Amino acid sequence: MQSFLLRRFGVALLTVWVTTIAVALLTRLVPGDPIEIMFAQSAGATREQMLAMQARLGLDRNVVAQYFLYLGNLLQGDFGRTIQGGQPVLPLIMQRLPNTLWLASTALVIASIAGVTLGFFAAYKKGTWVEHVLMTSTVMGISIPPFWLGLILLMVFGMQLGWFPVAGAGWHALVLPAVTLAATNAAIIGRLTRSSMLEVFEQEFMRTAWSKGLPKTTVLSRHALRAGLVPVVSAMGVQFAYMMGGAIVVEYIFSWNGMGTLAVDAILRRDYPLIQGFILVFSVVVVCISLLLDVIYAALDPRIRQGGDS
Amino acid sequence: MTHFPLTSTLKSSPGTLGRSVLVAIYRKPTVFLGALLILAALAAALFAPYLAPYDPEAFAVGPVLSAPQPGYWFGTDEFGRDMVSRIIWGARETLLVGLLAVSISLGFGLTFGLLAAYLGGWIEKLFMRMLDVLFSFTEILIALACVAILGPSLINATIAVGIAGIPVYGRMTYSLVLVERNKPYIESCRAMGAGHVRIILRHLIPNITPSLIVVGTIGISTAILAASGLSFLGLGAQPPSSEWGAVLAGARDYFSTAPWLLLFPGLAITLVVLGFNLLGDGVRQMLDPKQNK
């Protein structure tokens with residue numbers, strides 16, 4: 001288990017470090033003059049303001065000096081100020097972060113429950129029309145664009161039926177965005193569960209369980225499901241990362257007050273300090289939570305806990 | 001991300017891949033449907049000037065915000081543009097974006113993955129660490145960062161989606177080459193004095209090509225979803241483009257007054273993506289008996 005954890009921890013550290021480099025030097029890669037592009041949309045920016053921003057971003061120095069300037073500021077908790085409004089970036093993002101986390105984790109729970117149920121029944125009813133219907137619905141789930149699904153749900157359940165608010169905060173407003181975000185991943189988890197369950201159903205210990213005369217529910221839940229869920233649970237970290245990514249689009253549709261809406265606006269306005277802050281916070285959060293989920297998984301799986309390396 | 005992973009190198013050569021596709025279309029109704037959807041989109045893309053009744057960007061060819069009616073079967077938008085024409089022309093941009101993005105991902109992914117697996121040593125180690133890092137970034141963040149650097153436009157969104165897909169195809173190629181590299185026929189090639197370049201070009205690449213084509217077909221659907229998503233956010237195709245994601249973004253403002261504007265572009269994306277998924281997955285299942293127990 002130690003070697004597994006060490007390796008995971010090493011990758012996490014490496015990722016965060018690479019992110020700081022990529023983010024610090026992001027403005028260098030912009031074709032043209034980044035300062036002019038940044039201020040193109042804010043009329044009346046003075047020459048002094050532009051020069052101040054250039055110095056602030058370290059664009060007047062060489063690459064190495066720029067990186068250490070940026071890193072030094074980061075370590076002091078200074079993520080810079082936005083071009084428009086001149087607000088400090090970090091508090092702006094941190095204020096939105098909980099909303100995004102809330103959305104992504106709710107969607108992950110919905111996707112896992114729906115996906116596992118779906119995949120389990122598809123495997124259990126192998127070769128029947130039930131499996132066909134369920135598997136066809138997963139292909140649909142993967143094919144439908146989340147942004148379109150969101151708009152349709154909003155139109156039907158928000159406008160026509162009026163069951164859920166069209167925008168806002170709180171758990172009532174969370175339902176439609178979370179379902180939209182969960183749909184694709186429910187389909188993916190469903191397919192994963194099905195193939196894993198199909199393998200489990202053919203195992204020796206399943207025949208033993210049946211022949212012992214255990215009740216059907218015990219065999220299916222205690223023996224089959226527990227074994228079949230291993231690959232699903234081990235993919236939780238990856239699934240969470242995808243939820244965070246998908247949240248960006250879903251937040252935009254539902255005017256959800258999260259990090260994603262902020263990021264899309266920042267990219268459209270080419271507000272580089274804000275974009276830099278977003279990328280950094282986003283990847284640190286994704287890396288930390290994926291790491292946490294992997295550690296929990298490793299602690300639960302005896303094969304990893306007792307010294308094996310996956 | 002591809003949602004239909006391969007378990008091994010597909011048992012097929014480039015020559016038999018074509019035949020397998022035909023057999024799959026003939027045997028499985030879902031694959032047939034997939035091929036039909038792709039053909040329809042291709043026909044729309046290729047013959048758009050002849051099929052579309054109006055200029056897709058011309059204003060006031062019909063009434064403003066009209067519901068579907070004879071003559072304007074999908075309705076008209078806020079500028080009186082014909083939605084049928086816009087959807088038909090949009091097929092061109094949407095398919096092109098998908099193909100181009102996958103070509104970028106596949107081209108770079110193939111090169112990196114193949115070199116890492118074939119050469120081994122520190123190159124392989126470096127490649128694996130890079131993959132670890134890139135996978136924890138998630139594709140959407142990579143794509144967003146690329147658009148942030150390059151600026152919003154359809155071609156930049158295509159490049160961004162292409163770059164974001166490189167790790168997926170890199171890892172795919174890497175694992176495929178790893179399996180092939182240790183097979184006896186490669187060893188006998190080497191024993192007969194074949195050089196690295198010959199082994200890679202004449203033996204390794206042809207043998208992993210069918211697998212990559214199948215994965216790439218499914219990958220087109222992911223690329224189309226990602227690129228139209230960027231356009232929907234305003235980070236890809238810009239008005240007056242008839243790229244489907246951009247059309248959908250414009251329709252969002254007429255959400256309650258003209259819901260048909262939302263219906264058709266979304267449906268178009270769904271059907272094309274479904275087509276690539278059904279065709280790719282059907283062929284994969286046929287060539288990959290391991291998954292089909």
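User: What makes Leu97(A) in H6(A) the place of a kink?

Analyst: In this predicted model, the bend at a residue is the angle between axes fitted to the seven residues ending there and the seven starting there, and at Leu97(A) in H6(A) a kink of about 30° is found, shortly before the proline Pro98(A). Residues are numbered from 1 along each chain as its sequence is written, and chains are lettered from A in the order in which they are written. Local features need pLDDT of at least 70, side-chain atom pairs count only at pLDDT 80 or more, totals for chains, interfaces and linings use all residues, and side-chain values use heavy atoms, with hydrogens and water left out.

User: How do you know what span is expected of helix H6 of chain A?

Analyst: Helices are DSSP runs of H or I with at least four residues, strands are runs of E with at least two, and both are numbered from the N terminus. The expected span is 1.5 Å times one less than the number of residues, which for the 36 residues of H6 (residues 89-124) comes to 52 Å, and the helix reaches 51 Å from its first C-alpha to its last, close to that value.

User: Why is the pair Asp281(B) and Arg191(A) called a salt bridge?

Analyst: The term asks for a side-chain nitrogen of Lys or Arg within 4 Å of a carboxyl oxygen of Asp or Glu. The side chains of Asp281(B) and Arg191(A) meet at 3.2 Å, N to O, so the pair satisfies the definition. The count between chain A and chain B is one salt bridge, while over all chains the count comes to nine.

User: What makes Glu131(A) and Arg194(A) a link between parts of chain A?

Analyst: Their side chains meet in a salt bridge at 2.8 Å, N to O. Glu131(A) lies in helix H7 and Arg194(A) in helix H9, so the pair ties together parts that are 63 residues apart in sequence.

User: How do you know how much area is buried between chain A and chain B?

Analyst: Buried area is the accessible area (1.4 Å probe) that two parts lose on being put together, summed over both; for chain A and chain B this is about 4300 Å², of which carbon and sulfur atoms give 77%. In chain A, Phe147(A), Trp148(A) and Ile267(A) lose the most area to chain B, together 15% of what that side buries. With contact taken as heavy atoms within 4.5 Å, 47 residues from chain A and 44 residues from chain B take part.
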